[in-house]
Amino acid sequence: MKILAIIPLLVLSGCALIFPRDHDPVMFGYLVDTKIAVGKLSCDDKATWSTAESTIEKLKVYTDLRKDPQADAVAKLEDAVKKAKESGNKTFCESVLKINKTRIDVIV
């Protein structure tokens, strides 16, 4: 009788491995780190941007490897942050950061 109770438990636990979970805790962790890093960016001091760029790159590689639907949005985020950093125009830089802070919320 105990064997009959154990078999369904084994079958059901196996299903969790076959069907992926909707919530990806690793990606969510990268998204939180990216949101914090981009939130700290300042167009007045671009020397501190390397942390945000590194965090965005990790998220980009992760979404590419997982073939996540958000991979394209993350790639665009990375490109936009690079353009903002390279820009000498403070107004352009600030507008790009504002748009991409919203982009991160959309990705989440």
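# Exercises: a cavity and some salt bridges

Helices α3 (50-66) and α4 each supply at least two residues of the lining of the largest cavity. Helices are DSSP runs of H or I, at least four residues, numbered from the N terminus; a cavity is a set of 1 Å grid points where a 1.4 Å probe fits but cannot get out, lined by residues with an atom within 4 Å of a point.

This is a predicted model, where local features need pLDDT of at least 70 and side-chain atom pairs 80 or more, while totals for chains, interfaces and linings use all residues. Residues count from 1 along each chain, and side-chain values use heavy atoms, without hydrogens or water.

**Exercise 1.** Which helix gives the most to the lining of the largest cavity?

- Step 1: List the lining: Glu53, Ile56, Glu78, Val81 and Lys82.
- Step 2: Look at α4, which comes out on top with three residues.

**Exercise 2.** Which parts does the pair of lysine 90 and aspartate 44 tie together?

- Step 1: Find their salt bridge (Lys or Arg side-chain nitrogen within 4 Å of an Asp or Glu carboxyl oxygen); here N to O is 2.9 Å.
- Step 2: Place the partners: lysine 90 sits in helix α5 and aspartate 44 in the loop between α2 (25-39) and α3, so parts 46 residues apart in sequence get tied together.

**Exercise 3.** Which residues do salt bridges that share partners join into one network?

- Step 1: Spot the bridge from lysine 90 to glutamate 94, at 3.8 Å.
- Step 2: Both lie in α5, four residues apart, about one helix turn.
- Step 3: Put it together: Asp44, Lys90 and Glu94 form the network.

Key
1 Å grid on protein atoms, 1.4 Å probe; cavity = no way out; pocket = protein on both sides within 12 Å on 5 of 7 lines; lining within 4 Å.
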